[in-house]
Amino acid sequence: MVNRFQVKDRFADGAQYIDGRLRSGTSGQSHTVVDPATGEEVLTYELASTADVDEAVAAAKRAFPAWSAATPGERSDALHRLAAVLAEQAEDFAYAESLQCGKPIKLSTEFDVPGTIDNTAFFAGAARHLQGQAAAEYSGDHTSYVRREAIGVVGSIAPWNYPLQMAAWKILPAIAAGNTIVLKPAELTPLTSLMFAQAAKDAGLPDGVVNIVTGAGRDAGEHLVGHPDVVMTSFTGSTAVGKRVAEIATATVKRLHLELGGKAPFLVFDDADLEAAAHGAVAASLINTGQDCTAATRAYVQRPLHEAFVSRVAELMETVRLGDPFDPATDLGPLVSHAQRDRVAGFVERARGYATVVTGGEVPGGELAEGAYYRPTLVSGAAQDSEVVQSEIFGPVLVVLPFDTDDEGIALANDTPYGLAASAWSRDVYRAGRATREIKAGCVWVNDHIPIISEMPHGGYKASGFGKDMSAYSFEEYTQVKHVMYDNTAVAAKDWHRTVFGDRT
Ligand code: NAD
């Protein structure tokens with residue numbers, strides 16, 4: 001039974017969360033959140049103006065001195081309380097996430113929400129383990145040590161595919177380390193980021209530590225990235241927008257963390273368990289309707305298994321049930337919007353000119369006709385340099401290609417500009433081990449593809465960006481290290497002063 005609260009009532013005050021208060025934007029421009037399963041309006045709200053961004057940054061700046069001076073234990077306690085509040089409100093979060101994204105409720109309930117609660121609990125623990133390097137007398141005459149310090153106000157920008165998890169991935173390491181934050185969610189999907197900030201207040205976090213501005217990328221987004229009081233930009237989104245964000249951040253000398261697009265290879269060697277690989281490919285290409293930056297998108301299958309893999313994957317894809325996201329039996333919901341559905345369909349239509357659409361490749365009719373649905377799609381026979389193999393589609397589309405030698409398979413896996421995630425399927429530990437070493441990606445799975453855990457880093461190589469979300473590694477982004485050096489000699493004329501005073505010392 002899904003807990004359906006009234007979104008319009010909940011956000012009657014607006015869709016900006018600044019200094020501990022929900023309020024309306026002041027841009028004069030409205031935006032409508034649409035349920036992509038039905039095309040119906042969920043909420044119309046006023047977007048943030050640049051003045052709203054300024055207010056949010058000012059609130060975060062005011063909150064920084066006290067929050068960064070709180071003890072690790074105090075910040076940890078606050079995050080433990082936040083994890084408990086999120087758990088109490090888990091059904092509301094799952095409902096809102098499914099409503100704004102069209103995600104099957106079983107995905108929101110079993111993945112997005114518990115993943116977020118686990119992440120919060122992880123950072124509650126990690127907040128007490130922020131360490132600098134141990135002290136030592138490296139010069140002989142001084143004691144040196146490293147302090148790890150918060151950096152200030154972080155400006156973050158998030159995409160629409162996993163709005164709750166993306167908000168959590170940005171907010172949690174930033175505030176666990178003592179920073180304060182202004183997060184801009186995607187215009188399409190602001191609900192659960194706002195709810196996360198409200199939950200932080202319910203958990204007793206001080207006003208101004210977490211602020212949400214829901215504005216357009218080109219104005220509120222760019223203004224946040226270029227803001228002089230924001231010391232770091234953490235962006236998750238497409239590589240194209242990431243490049244623009246990098247330009248603005250660089251011009252204002254900001255620390256930068258970019259989590260960008262992906263085009264993950266799925267490499268199946270000829271000794272792999274075919275049934276496991278076929279199941280894995282279907283699940284990993286269709287999760288979240290393929291709108292997952294680590295989704296399996298290019299299956300390279302060694303020639304002896306290629307034909308059997310294509311027919312088994314097609315057969316399994318045809319068993320996947322499209323439907324109402326709130327029906328617990330639904331496997332696949334719509335894409336996030338009709339525009340995104342049309343974009344995905346465009347890639348497949350163009351691919352018909354040079355490849356074979358084995359299954360799918362169509363917009364379903366009947367009861368699903370009003371929603372942004374698209375059938376699970378398998379494409380074969382495309383050339384390595386074709387659009388469908390090289391470009392991020394971000395929909396339920398898997399392309400399969402054959403390869404002959406292991407060398408060739410690994411080379412093909414590496415042959416896109418992206419490097420976010422990959423998987424290798426083999427029963428031979430040496431073959432799989434070689435793939436884990438030679439594939440250029442931030443994560444390589446062996447005989448699985450998709451699982452993530454709070455303790456391990458997530459982030460890209462190559463055009464997929466740099467920096468890490470989740471895990472203790474994310475603190476490298478959200479802290480700065482300071483060398484502190486104490487003189488131990490208590491001598492007025494120190495040895496090294498000879499370089500200035502010469503023999504007079
Ligand atoms: P997008 O790049 O269009 O938008 C992302 C965010 O940037 C949104 O909040 C948007 O409003 C904002 N934005 C747009 N133009 C901007 C500008 N000029 N200045 C500042 N901000 C701007 O991406 P999307 O369509 O929302 O999400 C899909 C993309 O996100 C895919 O490419 C996907 O691979 C990527 N993604 C990456 C990861 C990762 O961890 N690497 C995770 C999830 C999604």
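**View 1. Helix H14 and its buried face.** In this predicted model, helix H14 takes in residues 406–413, and Asp 406, Gly 409, Ile 410, Leu 412 and Ala 413 are its buried members. Look down the axis of H14 and those buried residues fall within an arc of 160°, so they line one face of the helix. What do the buried residues of H14 pack against? They meet three strands, E11 (264–268), E12 (296–302) and E15 (397–403), along with helix H15 (429–438).

**View 2. Asp 406 and Arg 431, a link between two helices.** One of the buried residues of H14, Asp 406, makes a salt bridge with Arg 431, with the closest N and O atoms 2.8 Å apart. Asp 406 sits in helix H14 and Arg 431 in helix H15, so this pair ties together parts that are 25 residues apart in sequence. Are the two partners buried or exposed? Both Asp 406 and Arg 431 are buried. The story doesn't stop at this pair: salt bridges with shared partners join Asp 270, Asp 271, Asp 406 and Arg 431 into one network.

**View 3. Arg 431 again, this time with Asp 270.** Here Arg 431 forms a salt bridge with Asp 270, and the closest N and O atoms are 2.9 Å apart. Asp 270 belongs to the loop between E11 and helix H10 (274–286), while Arg 431 lies in helix H15, so the pair ties together parts that are 161 residues apart in sequence. The two ends have their own settings: Arg 431 has a relative accessible area of 17% and counts as buried because that is under the 20% cut-off. Asp 270, at 34%, is partly exposed.

**View 4. Asp 19 and Arg 62, another salt bridge.** The whole structure holds 31 salt bridges, and this view picks out the one between Asp 19 and Arg 62, whose closest N and O atoms are 3.0 Å apart. The pair links distant parts of the chain, 43 residues apart: Asp 19 is in the loop between strand E1 (16–18) and strand E2 (21–23), and Arg 62 is in helix H2 (residues 50–69). How accessible is Asp 19? Its relative accessibility is 31%, which makes Asp 19 partly exposed. Arg 62 comes in at 55% and counts as exposed.

**View 5. The seven-stranded sheet with H15 lying across it.** Seven strands make up an open sheet, in the order E13-E14-E15-E12-E11-E17-E18, with mixed pairing. Strand E13 (356–359) and strand E18 (443–446) stand at the edges with a single partner strand each, so one side of each has no neighbour in the sheet. From one strand to the next, the twist averages 25°. Zoom in on the E18 edge and you'll find strand E17 (residues 421–425) running parallel to E18, joined to it by four bridges. Ser 423 stands opposite Trp 445 in E18. Helix H15 lies across E11, E12, E17 and E18, and runs at about 170° to E18.

**View 6. Glu 259, a residue with an "active site" annotation.** The label comes from UniProt, where an unreviewed entry marks Glu 259 as "active site". Where does Glu 259 sit? It is part of strand E10 (residues 255–259). With a relative accessibility of 2%, Glu 259 counts as buried. Leaving aside neighbours within four places in sequence, Glu 259 is in contact with a set of residues including Lys 170, Phe 235, Leu 420, His 458, Ser 464, Lys 468 and Asp 469.

Terms used:
Residues are numbered from 1 along each chain as its sequence is written. This is a predicted model: local features need pLDDT of at least 70, side-chain atom pairs count only at pLDDT 80 or more; totals for chains, interfaces and linings use all residues. Side-chain values use heavy atoms; hydrogens and water are left out. UniProt positions are given in the numbering used here, feature names are shortened, and annotations may be inferred rather than shown by experiment. Buried means under 20% relative accessible area, exposed over 50%, partly exposed in between (1.4 Å probe, protein chains only). Contact means heavy atoms within 4.5 Å. The arc is that of the directions from the helix axis to the C-beta atoms. A salt bridge is a side-chain nitrogen of Lys or Arg within 4 Å of a carboxyl oxygen of Asp or Glu. Two strands pair if DSSP finds at least two bridges between them. Axes are lines fitted to C-alpha atoms, for helices over the stretch in contact, and angles run from 0 to 180 degrees between N-to-C directions.
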